[in-house]
Amino acid sequence: MTRALPNLDDLELLVQVAGSGSIGRTATARGLSQPHASRRLSALERSLGVPLLTRSRRGTALTPEGRVVVGWAESMLGAADDFTRSVRTLREGRTAEISVAVSMTIAEHYAPAWLARLHARSPEVRVSLTLRNSTEVAELVETGHADIGFIESPTVRRSLHRRRIGWDQLAVAVGPSHPWATRRRPLSPTELVGADLLIREPGSGTRETLERALHRAGLALDGSLAMASNTALKSAAAAGLGAVVLSRLALSAEFTTRELVEVTVEELTLRRPLSAVWRREAPLSPAAAVLVQVAAEEPSRP
C-alpha cells in the first residue's frame, strides 16, 4: 500500500500562516497569490483529513487540530533541514578532500604556511599529505594516486600540467673544521665535483638541479654520498664528512648557529623552480585550485 506523504512545502506554508495569522501576508511573502495559497492549504486539510484553519474577517487562526499539526510540521521541517545540510556536508566533504604529494624541501619549509593559509580561507577543505622526492611526487600525480603535487625539479613530465609558483636556491655548505670553511675565494665547479659531496638521492629535485648545473659546465657528479634525508646530510656535513648541497632554506638554521658554513661556487647556477603539477587530462578540483592559488600568493625568491 502506497502512503500519501504530506508535501513539505505545503507544511511550511501552513507553519508560516500560523506565524503571521494571515494567508494573504504569507502568500505575498512567498510570491504567491492569495487564492493559490488558500487552495494549497485546503488541499492539505483534505489530505490529512482534519481541519487546520478557521478563516474570518479578522484573519486566519489555527484549529486545535491545526496547532498539533503545526507542532509536528515544525519537527518534520527541522528534520528535513538537517537532512539537507547533512547531504550538502557529505557532498562538499567529498569534493573538498584533496590528496597532495610534496617534495621534501617544500614539505619542510613551504607547505606548512600554505596549509595554514588554506585552512584560514577554506576551513572545509581536508588535505591528505604525502612526502616523497620530486620524481616520486610526479609518479603519484601521473598515476592518479595524488590529485596534485608540488616539486622542485627543473623538468616536468609531458603528461603533467605545470604552474610555477616560485623559486628556490641551492647552497653548498661545510662543517667548521672543513678546509673550505675559511676559504676566501669562490670554488670552481671543477673543485666542487672533485671533492667529497653529500647530496640527495637520484630522483630528488635537489640532485637534478645540481646535475643539470654541472652538465652545463661540462661536468658530472663523481664520488658523492647520497642520502634521502636532509637532516642526515646536514649532520654528516657538520661531522666533517664532506660538503653538502641543499636548499639554502634547509641550511638557514645551521648557517645561523655556525654549525655549517656556506661556500660560494662561481659560474654555477643553482636556482630551481618550485612548481605545482597535475594531470593534463584531469582539471583541478576547486579545492586543489584554491591550494595552488594560496601557494602562489607569496612566491619564494632565490
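**Exercise 1. The side chain of Ser134**

Task: in this predicted model, find which backbone atom the side chain of Ser134 reaches, and decide whether Ser134 is buried or exposed.

Solution:
- Start at the side chain of Ser134 and look for its partner: the backbone nitrogen of Glu152, at 3.2 Å.
- Next, place the residue in its element: Ser134 belongs to helix 7 (residues 134-142).
- Now check the accessible area. Ser134 has a relative value of 2%, and buried means under 20%, so Ser134 is buried.
- Finally, list the surroundings. Setting aside neighbours within four places in sequence, Ser134 touches Ser103, Ile151, Glu152, Ser153, Gly203, Ser204 and Gly205.

**Exercise 2. Two helices that cross**

Task: work out how helix 1 is oriented relative to helix 3, and which residues make the contact.

Solution:
- Take the axes of helix 1 (residues 8-20) and helix 3 (residues 34-48): they come within 10 Å and cross at roughly 110°.
- Angles of 65 to 115 degrees count as roughly perpendicular, so helix 1 is roughly perpendicular to helix 3.
- Helix 1 contributes Asp9, Asp10, Leu11, Leu13, Leu14 and Val17, while helix 3 brings Ala37, Arg40, Leu41 and Leu44.
- Sort these by class, and you get seven nonpolar, three charged and no polar residues.

**Exercise 3. A pair of strands**

Task: determine in which sense strand 1 and strand 2 pair, and over how many bridges.

Solution:
- Compare strand 1 (residues 53-56) with strand 2 (residues 59-62): the pairing is antiparallel, over four bridges.
- For a handy landmark, pick Thr54, which faces Ala61 in strand 2.
- Then look at the connection: two residues lie between the strands, and the pair forms a hairpin.

Note on methods: Residues are numbered from 1 along each chain as its sequence is written. This is a predicted model: local features need pLDDT of at least 70, side-chain atom pairs count only at pLDDT 80 or more; totals for chains, interfaces and linings use all residues. Side-chain values use heavy atoms; hydrogens and water are left out. Axes are lines fitted to C-alpha atoms, for helices over the stretch in contact, and angles run from 0 to 180 degrees between N-to-C directions. Angles under 35 degrees count as roughly parallel, over 145 as roughly antiparallel, 65 to 115 as roughly perpendicular and the rest as oblique. Contact means heavy atoms within 4.5 Å. Ala, Val, Leu, Ile, Met, Phe, Trp, Tyr, Cys and Pro count as nonpolar, Asp, Glu, Lys and Arg as charged, and the others, Gly among them, as polar. Two strands pair if DSSP finds at least two bridges between them. Buried means under 20% relative accessible area, exposed over 50%, partly exposed in between (1.4 Å probe, protein chains only). A polar contact is a pair of N or O atoms within 3.5 Å; within protein, one must be able to donate a hydrogen and the other to accept it, and residues adjacent in sequence count only if both atoms are side-chain atoms.
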